[in-house]
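Good morning, everyone, and thank you for letting me take a few minutes of the meeting. Please have a look at the structure while I talk about its nonpolar cores and its aromatic rings.

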Amino acid sequence: MAKYTVKRVFMALLTLLIVACITFFLMHAIPGNPWLSEKTPSQATIDALNAKYGLDQPLIVQLGKYLGNLLQGDLGNSIKMQKNRPVLDIIKEMFPVSAQVGVIAIVWAVLVGVPLGCLAAYKRGTWVDSLLRVVCTVGISMPSFVVASILLYTLCGGVVKVFPTLFDFTPGAYVLPCAALGFYPMCYLSRQTRTAMLDAINQEYIKTARAKGLKNKKIIFKHALRNALIPVITYLGPQIAFTLCGGFVVETVFSIPGLGRYFIQSIQNRDYPLIMGTTLFLAAFIVVMNLVVDLAYKLVDPRINLTKGGD
C-alpha cells in the first residue's frame, strides 16, 4: 500500500506539472493581452505594465519563475480582476460558495440516481424501465445551461415566480442551481447503475442466491448493488471535483459568486495568474478525488488488490 501511495503521489505531481505547462502556453497563445479594454492604453503604458508584471520576458522564463513560486505555495497575484490580491485568497473566498451548491447537487444526484437505476434494473422490460431510460437519455443529452435556462424561465418569473431570480444565499436560492447542476449526474448515475446492476444480476453468485430462495428485492438491493457500485464510484470521483468547483455555466446563469463563474471571468479578462491558479486547483482536486476513489474500491470490494493494480 505504501509503494502504491508513493507512486500515485508522484504521478499526481507529474500530472499537475503537465497541466501547468499546457495551460500556461495555451493561455499566452490566445490573442490579446490583459490591458486591452474599451479605452485601450497607450503602447508606452502597455509596455510599462508588461514590465511590472514580468510579461515582457520570454515565455520559458515566465514559466520557470511561476513554477518556482508554485513550489513555495505561491499562486501569484491577480493582475486585473482584483489587482495585486493573492490568487490563493480569491480561491479561498470563492470555493466555499461553489462547494455549498456542489455538495447539495451531488448528494441529491446520488440519492435519486442510484435508486432509480436499481428500480430500472428491477423493472427491466416494463414501462417503468422504458420511462426512466427516456428521461435519463434526455437528461444526458441536454446541456446544463439549457436545464438552467428552462428552470430560470419557468420558475423565476417567466411562467410562475417561485424562486428568486438572483442568488441571495437564502434556502430557496439553492434549489434551482442545485437542480440544474445535479440533473446530468443524476441521469448518468441512473443509467450506469442500471447497466452495472443488469451485469451483476447475471453473475453466478446471484444465481446461487436465487437457488436458495431469496427474494428478488433482497438479491438486487443487497447482493447485486454492492458490486454494481464500483463503476458508479469511478464516475463519482472526477464528477464530485467538477461539481464542487462550480458549474461554470450554471453559476453564470444564476449569478452565483462562486469559483466557476470567476474562472470564466478570468479568461475573458486575460487574468493570467488567476487562470493558472483556478485551473491547477481544479486539476489537483480531480487528482485527489481519483485517489479517494481508488481507496473506496477496497471498501466496496475487499477482493481488489490496489498494490497489484498500481504496479
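I will begin with the cores and then turn to the aromatic pairs. Please keep in mind throughout that this is a predicted model.

The largest nonpolar core has 47 residues, and the ones with the most contacts inside it are Phe 95 and Met 197. Several helices give two or more residues to this core, among them helix H1 (2-29), helix H4 (87-122), helix H7 (171-201) and helix H12 (272-300). There is also a second, separate core, which has 18 residues and includes Val 147, Cys 156, Ala 173 and Leu 176.

Now to the rings: how many aromatic pairs does the structure hold? It holds 8 of them, and I would like to go through two with you. In one, the ring centres of Phe 167 and Phe 169 are 4.9 Å apart and the planes stand at 70 degrees, so this pair counts as edge-to-face. Phe 167 is buried, with a relative accessible area of 10%, whereas Phe 169 is partly exposed, at 43%.

In another, Tyr 188 and Tyr 235 are stacked, with 4.4 Å from centre to centre and 25 degrees between the planes. Because Tyr 188 lies in helix H7 and Tyr 235 in helix H9, this pair ties together parts that are 47 residues apart in sequence. Tyr 188 is partly exposed, with a relative accessible area of 29%, while Tyr 235 is buried, at 13%.

Finally, let me return to Phe 95, which forms one aromatic cluster with Phe 281 and Phe 285.

How values were computed: Residues numbered from 1 in each chain as written. Predicted model: local features only at pLDDT ≥ 70, side-chain atom pairs only at ≥ 80, totals over all residues. Heavy atoms only, no water. Core = buried A, V, L, I, M, F, W, Y, C linked by side-chain atoms within 4.5 Å. Buried < 20%, exposed > 50% of the residue type's maximum accessible area, 1.4 Å probe, protein only. Helix = DSSP H or I, 4+ residues; strand = E, 2+ residues; numbered from the N terminus. Phe/Tyr/Trp six-rings, centres within 6.5 Å; stacked < 30°, edge-to-face > 60°.
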